[in-house]
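User: Hi! I'd like a close look at one part of this structure, followed by a short walk through its surroundings.

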Amino acid sequence: MKFNIIKKETVTSTNDILKQEWEKFESGTVLTAKHQTKGRGRMGRSFYSPPTGLYFSILLKDVKSNPATLTVMTAVAVMKGIYDTFGIKTQVKWVNDIFYDGKKICGILTEGAFLKDRLQYAVIGVGVNIATENFPAEISEIAGSLNKSIEDSDRLLQNILKNFESELQSIQSGEFLKFYKENCITLNKKVRLISQDEAYLEGEAVDIDENARLTIKTDSGEIKRIFFGEAKII
Ligand code: BTN
C-alpha cells in the first residue's frame, strides 16, 4: 500500500479534516499534525493534543472490515511500532486504549460511513503521547506518556505505518487478534461496561472474537458479545 503523508503544523482534528474531504484524498492518505486544537476521542470526549505527541489519521476507501476490527488491528500496529522504535512493551485495554506503566498513552478513533454493507471510507485516528509531562487535571490520573523525545515522532510514525501495512495485508487471517489478546489487560478481568456515562452490564471478559467484540460472561452465566462502550476493569 502506498501512503501519501501530508504534514501540518496545527489543525482542528486530523480525523475531521480527512472526514470532511475524504472524496478529495486517495486511499492511503495519512494526515499528521504537530498539534490539534479540537482533538477528539471516543464518546464525544476531547483528546488533549499539545505539540509533545504524535497525531495522525489514515484514510482508507472501500474497506471490507468493520470499524472495530480496524481499531483492533491498528492497536496492534501501534504497539508493534512503539516496540520497534523504543523497545517499549505496551498493553491494550479493549478496545482502543494503549497503556504503558499503568497509564493511557495512546487512543485510537475509527470513524467512517457505510454504503450498503461496506465501509465507503474509514478514517483511523491515532494519538500517542510521546513527551507530554503535564495533563489537564481531569485526566492527570489516567493519562501518561512514553517519556521519549518528540524528535523521534517521525520514526515512530514510519514504524507504525510499516506495521499497519503488514497487519492490513493479513487482516483476513485474523493473526492480529492473537497478538491483541496476548497483550490485552481486559481479558479474564471483571469489567463494567459503560456507555454514555451509564453502566449497563457487568461480568467477566472471557474473549475477543474475530469481529473485535468483547465476550462477557455475566454472574448468571449468560454470554454477551459487546460491540461498543467502555470496559472499566473493576
Ligand atoms: C480516544 O482515546 O478516545 C481516541 C483518541 C483518538 C485521538 C486521535 S489524535 C489524531 C486523531 N484526530 C482526532 O481528533 N482524534 C484522533
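How many residues does helix α3 have, and how far does it reach from its first C-alpha to its last?

Analyst: Happy to help! Please keep in mind that this is a predicted model. Helix α3 covers residues 153-169, which makes 17 residues. From first C-alpha to last, α3 reaches 24 Å, close to the 24 Å expected at 1.5 Å a residue.

Next, burial. The buried residues of α3 are Ser-153, Leu-156, Leu-157, Asn-159, Ile-160, Leu-161, Asn-163, Phe-164 and Glu-167. Their cover includes the strands β1 (4-11), β2 (29-36), β3 (53-63) and β7 (118-129), together with the helices α2 (67-86) and α4 (175-182).

One of those covering elements, α2, deserves its own look. α2 has 20 residues and reaches 28 Å between its first and last C-alpha, close to the 28 Å expected at 1.5 Å a residue. Because 16 of its 20 residues are buried, α2 is largely enclosed by the rest of the structure. Where α2 starts, Asn-66 places a side-chain oxygen within 2.9 Å of the backbone nitrogen of Ala-68. After α2 comes Gly-87, with a positive phi near 70°.

Some side chains meet aromatic rings. The charged end of Lys-80 sits over the ring of Phe-179, 4.9 Å from the ring's centre. Elsewhere, Arg-213 lies over the face of Phe-227, at 5.7 Å from the ring centre. For pairs of aromatic rings, the structure holds five.

Another lysine is worth a visit. Lys-93 belongs to strand β4 (residues 91-93). Lys-93 counts as buried because its relative accessibility is 10%, and the cut-off for buried is under 20%. The side chain of Lys-93 reaches the backbone oxygen of Ala-231 at 3.4 Å. Apart from neighbours within four places in sequence, Lys-93 is in contact with Phe-99, Tyr-180, Ile-185, Thr-186, Glu-230, Ala-231 and Ile-233.

Finally, the ligand. There are 20 residues around it, of which Ser-13, Gln-36, Arg-40, Arg-42 and Lys-104 come nearest. Ser-13 has a polar side-chain atom 2.7 Å from an oxygen atom of the ligand. For Gln-36, a polar side-chain atom lies 2.9 Å from a ligand nitrogen atom. Arg-42 uses its backbone: an N or O atom there lies 2.7 Å from an oxygen atom of the ligand.

Methods
Residues are numbered from 1 along each chain as its sequence is written. This is a predicted model: local features need pLDDT of at least 70, side-chain atom pairs count only at pLDDT 80 or more; totals for chains, interfaces and linings use all residues. Side-chain values use heavy atoms; hydrogens and water are left out. Helices (H or I, at least four residues) and strands (E, at least two) are DSSP runs, numbered from the N terminus. The expected span of a helix is 1.5 Å times one less than its number of residues. Buried means under 20% relative accessible area, exposed over 50%, partly exposed in between (1.4 Å probe, protein chains only). Contact means heavy atoms within 4.5 Å. Rings of Phe, Tyr and Trp (its six-membered ring) pair if their centres lie within 6.5 Å; planes under 30 degrees apart count as stacked, over 60 as edge-to-face and the rest as tilted. A charge sits over a ring if NZ of Lys or CZ of Arg is within 6 Å of the ring centre and within 35 degrees of the ring normal. A polar contact is a pair of N or O atoms within 3.5 Å; within protein, one must be able to donate a hydrogen and the other to accept it, and residues adjacent in sequence count only if both atoms are side-chain atoms. A residue is near a molecule or strand if one of its heavy atoms lies within 4 Å of it.
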